[in-house]
Amino acid sequence: MALFRLSLFVEPNTIVRGKPVYLRYAEMRDYDGWAKLRAQSREFLEPWEPTWPSDDLSRAAFRRRLRRNRDEIINDEAYPFLIFHAGNNMLVGGLTLGQVRRGVAQTATLGYWMGEAHAGQGLMASAVRAIIDHAFGALALRRIEAACLPHNERSIRLLEHIGFRKEGIARAYLQIAGRWQDHLFYALLDSDVPPPLKQR
Ligand SMILES: CC(C)(COP(=O)(O)OP(=O)(O)OC[C@H]1O[C@@H](n2cnc3c(N)ncnc32)[C@H](O)[C@@H]1OP(=O)(O)O)[C@@H](O)C(=O)NCCC(=O)NCCS
């Protein structure tokens, strides 16, 4: 993806390294693997995500997604990453630091998904730890928020395992699977993170 370095935080070839995963921005060459993984995981993911547009898995929609991603990255609005297994470079999922608010907030919202075949193996925990380092280091954020449905045990366990703290319930917070639903609201501050996770 060709990116212009307009923002202080834009590095076109950013690679965020975890163990055993790494994260990078999506490119057109990722389309086949992305569409296959999303299609195979559709039933697993749909209950937890906004309703998929009918053409969501098409090449044209992926191209539009990349354009939107590029604009968001350039404008320091969102950082949408794909997650790859470092052992075989296979795409396993995705993770976005979105809704970046600068000024007096310096906050972003974390969202993530894992391909069904790769879930429950600790890969997302590794990816989230790596992105925390990136967010509190290179992106100079100080707070990461995450919201999940109260019955999403996997997501709750992931957030609590990483050290996110529950702050309350956000009523009818997001439209997920076609319905406005209450969400548990979690956040992690840079001051919550012990030194090995935070490289400053
Ligand atoms: C939520 C999700 C991203 C977590 O990814 P993952 O790869 O399964 O997570 P990890 O393997 O890194 O596991 C992280 C923690 O969750 C736990 N976990 C994994 N699968 C679980 C399950 N089926 N039930 C309960 N906890 C589970 C792990 O045990 C681990 O906790 P622990 O270390 O305390 O044991 C993934 O399951 C997913 O994409 N789910 C469907 C979509 C979704 O929920 N998106 C998020 C919306 S907020």
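Select Ala125 and the ligand: a polar backbone atom of Ala125 sits 2.8 Å from a ligand oxygen atom, a polar contact (a pair of N or O atoms within 3.5 Å). Of the 920 Å² that the ligand exposes when taken alone, the protein buries 80% (Shrake-Rupley areas, 1.4 Å probe). Bear in mind that this is a predicted model, with local features needing pLDDT of at least 70, side-chain atom pairs counting only at pLDDT 80 or more, and totals for chains, interfaces and linings using all residues. Residues are numbered from 1 along each chain as its sequence is written, and side-chain values use heavy atoms, leaving out hydrogens and water.

Add Met114 next, where a polar backbone atom is 2.8 Å from an oxygen atom of the ligand. At Met124, a backbone N or O atom lies 3.3 Å from a ligand oxygen.

Now show the whole shell: 21 residues surround the ligand, each with a heavy atom within 4 Å of it. Helix H5 (153-162) is one of the elements supplying at least two of them, and H5 gives the largest share, five residues. Helices here are DSSP runs (H or I, at least four residues). Colour by class and you get 13 nonpolar, six polar and two charged residues.

Then move to the largest nonpolar core, with 39 residues, Leu97 and Val128 among them. Such a core joins buried nonpolar residues through side-chain atoms within 4.5 Å, buried being under 20% relative accessible area. H4 brings the largest share, ten residues.

Finish on Leu97, whose contacts beyond four places in sequence include Tyr79, Leu110 and Ile144 (heavy atoms within 4.5 Å).

Technical notes. Polar contact = N/O pair within 3.5 Å; in protein donor to acceptor, adjacent residues only side chain to side chain. Helix = DSSP H or I, 4+ residues; strand = E, 2+ residues; numbered from the N terminus. Nonpolar A, V, L, I, M, F, W, Y, C, P; charged D, E, K, R; others polar. Buried < 20%, exposed > 50% of the residue type's maximum accessible area, 1.4 Å probe, protein only.
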